[in-house]
Amino acid sequence: MSAPAQAHFWLTGIGELTTNAAVDGDPCGTISDAAVLVRDGSIAWTGRADAAPVGAEGVPVVDAAGRAVIPGFVDSHTHLVFAGDRAAEFAARMAGETYAAGGIRTTVAATRAASDDELRSRVRTLVDECRAQGTTTLEIKTGYGLDVESETRLARLAAEVTEEVTFLGAHVVPAEFAGRADAYVDLVVGEMLAAVSPHARWIDVFCEVGAFTAAQARRVLDAGRAAGLGIRVHGNQLGHGDGVALAVDRGAAAVDHCTFLTDADVAALAGSDTVATLLPGVEFSTRQPYPDARRLLDAGATVALASDCNPGSSFTSSMPLMIALAVREMGMTPAEAVWAATAGGARALRRTDIGRIAPGARADLVMLDAPSRVHLAYRPGVPLVRRVWKDGVAV
Ligand code: NIG
Ligand code: FE
């Protein structure tokens with residue numbers, strides 16, 4: 001089977017198509033024995049293969065030979081621009097140390113010292129790694145610069161590889177501002193925001209004990225919004241806290257981690273448009289308890305899954321691994337987990353053109369080496385992503 005590299009073809013013989021165009025209580029909008037027409041980088045038609053006018057236009061045909069096809073993964077939370085690694089910190093953790101996010105400053109030092117070319121080459125390698133595993137949309141945060149020049153540089157480099165760039169100047173207080181968190185927030189909402197915002201779509205803040213208080217986080221979010229950025233929050237990762245309540249109150253697109261939630265947090269999320277983005281790579285890599293996805297879903301909250309790929313708490317870019325962990329450890333069904341890793345991520349980025357396979361959407365497609373999406377959780381660790389198309393072009 002050879003797939004054409006152009007953005008106009010029929011994909012037929014699909015054993016199980018996950019459209020995410022909800023029908024009759026099936027949020028995945030599953031179509032068996034399906035076909036998809038890709039034209040000019042978008043989806044032009046979906047439906048049962050026996051009803052498809054395949055061949056009518058003399059368009060090339062790719063045969064999926066009974067395999068499953070799903071939307072490309074939407075990884076709505078990564079920190080891909082950094083230098084160095086923290087393998088020693090990971091090894092120490094696996095020998096009993098606890099994760100406290102203090103290692104962020106180690107990566108800040110390595111990143112500040114790296115050249116543009118070094119950072120560019122590393123981020124491109126990681127983006128290729130993501131694509132090979134089926135991720136077709138990636139959000140990338142700054143946050144390992146923490147001064148005006150370095151944060152601007154990271155945002156500029158991220159913007160070379162994605163349109164979803166997030167300014168995370170308020171990741172932690174850098175060493176040179178130790179004991180002066182409010183003065184650092186002044187810098188973030190002033191000169192740093194002005195320099196970075198032309199390169200970014202979003203602003204984020206780490207609202208957690210040891211990072212920023214709710215009052216500081218609120219200043220960051222409100223300044224970002226005033227500068228035209230959408231808002232998102234890191235919260236409730238290491239313990240109970242104000243991140244979720246703040247995110248919902250400010251109308252954030254997403255609040256990410258959500259590991260330690262009160263009943264009031266769950267109710268607030270369920271009654272809001274703020275997506276709860278769960279990042280099980282973090283709990284896997286830090287030996288923390290996993291977030292309770294079942295509790296959020298049963299309450300009616302919208303759940304997304306993302307990798308949080310970063311050198312400290314989750315150095316994996318694998319969305320299939322997130323799906324497997326969510327199913328095995330967090331109470332999600334395979335269908336819910338695949339939805340959360342595709343449509344859920346799109347919601348978290350407030351995008352309607354991705355995360356689904358339906359006429360008008362971008363032709364971001366993943367063909368699995370399996371007859372069903374269930375295999376993503378059923379066969380953990382097995383490379384099941386066989387082909388990936390972004391905007392209809394084979395990756
Ligand atoms: O999302 N929580 C804060 N930031 C990252 C960790 C970054 C790091 O440890 O380098 C996270 O887990
Ligand atoms: Fe993160």
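This is the transcript of a short presentation on one predicted protein model and its ligand.

Good morning. Please keep in mind throughout that the structure before you is a predicted model. I shall begin with the strands at the start of the chain, continue with the annotated domain and its core, and finish with the ligand and the binding site.

Let us start with strand β1, residues 8-18, and strand β2, residues 30-39. These two strands run antiparallel and are joined by 8 bridges. As an example of how they line up, Leu17 stands opposite Ile31 in β2. Strand β2 is in turn joined to strand β3, residues 42-48, by 6 bridges, and this pair also runs antiparallel. Here Val36 has Thr46 in β3 as its bridge partner. Between β2 and β3 there are 2 residues, and in this hairpin Asp40 takes a positive phi near 50°.

I would like to look at one residue of β1 in detail, namely Thr12. Is Thr12 buried, exposed or partly exposed? A residue counts as buried when 20 or more other C-beta atoms lie within 10 Å of its own, and as exposed when there are 12 or fewer. Thr12 has 19 other C-beta atoms within 10 Å, and therefore it is partly exposed. The C-alpha atom of Thr12 is separated by 6.5 Å from that of Val36, although the two residues are 24 residues apart along the chain. Beyond its sequence neighbours within four places, Thr12 is in contact with Ala35, Ala49, Ala52, Val54, Val61, Asp63 and Ala64.

Next comes the loop between β1 and β2, where we find Ala21. Ala21 has 18 other C-beta atoms within 10 Å, so this residue is partly exposed as well. Which residue, 336 residues apart from Ala21 along the chain, has its C-alpha atom at a separation of 7.4 Å? That residue is Ile357. With neighbours up to four places away left aside, the contacts of Ala21 are Gly29, Arg356 and Ala358.

We now turn to the annotated domain. An unreviewed UniProt entry carries the annotation "domain: Amidohydrolase-related" for residues 69-392. Over this range the chain is 42% helix and 16% strand, and the C-alpha atoms at the two ends are 13 Å apart.

Strand β14, residues 365-368, is instructive because both of its faces are covered. Leu365 and Met367 lie on one side, Val366 and Leu368 lie on the other, and all four are buried. Strand β5, residues 68-71, pairs with β14 in the antiparallel sense over 3 bridges, and Ile70 has Val366 as its partner in β14. Strand β15, residues 385-390, also runs antiparallel to β14, and 4 bridges join the two. In that pairing, Leu365 is matched with Trp389 in β15.

What about the interior? The largest nonpolar core has 129 residues, and Ile323 and Ala326 have the most contacts inside it. Setting aside residues up to four places away in sequence, Ala326 touches Leu278, Pro280, Ala293, Leu305, Met332, Ala337 and Ala340.

Finally, I come to the ligand and the binding site. There are 14 residues around ligand 1, and those that come nearest are Ile104, Asp308, Asn310, Gly312 and Ser313. This shell divides into 5 nonpolar, 8 polar and 1 charged.

Which residues does UniProt list under "binding site"? The unreviewed entry gives His77, His79, His234 and Asp308. They are spread over 232 residues of sequence, yet they cluster in space, with a largest C-alpha distance of 12.2 Å.

Consider two of these residues. His79 lies in the loop between β6 and α1. With 27 other C-beta atoms within 10 Å, His79 is buried. Apart from its neighbours within four places in sequence, His79 is in contact with Lys141, Gly143, Tyr144, Cys309 and Asn310. One of these, Asn310, is also among the residues that come nearest to ligand 1.

Asp308 is found in a different part of the chain, in the loop between β13 and α11. Asp308 has 28 C-beta neighbours inside 10 Å and so counts as buried. Not counting residues up to four places away in sequence, Asp308 touches His77, Thr78, Leu279, Gly281, Val282, Ser313 and Ser314. Asp308 thus belongs to both parts of this last section: the UniProt record lists it for the binding site, and in the model it is among the residues nearest ligand 1.

Thank you for your attention.

Methods
Residues numbered from 1 in each chain as written. Chains lettered and ligands numbered in written order. Predicted model: local features only at pLDDT ≥ 70, side-chain atom pairs only at ≥ 80, totals over all residues. UniProt positions renumbered as here; feature names shortened; annotations may be inferred. Near = placed C-beta within 6 Å. Nonpolar A, V, L, I, M, F, W, Y, C, P; charged D, E, K, R; others polar. Pairing = 2+ DSSP bridges. Core = buried A, V, L, I, M, F, W, Y, C linked by C-beta atoms within 7 Å. Contact = placed C-beta atoms within 7 Å.
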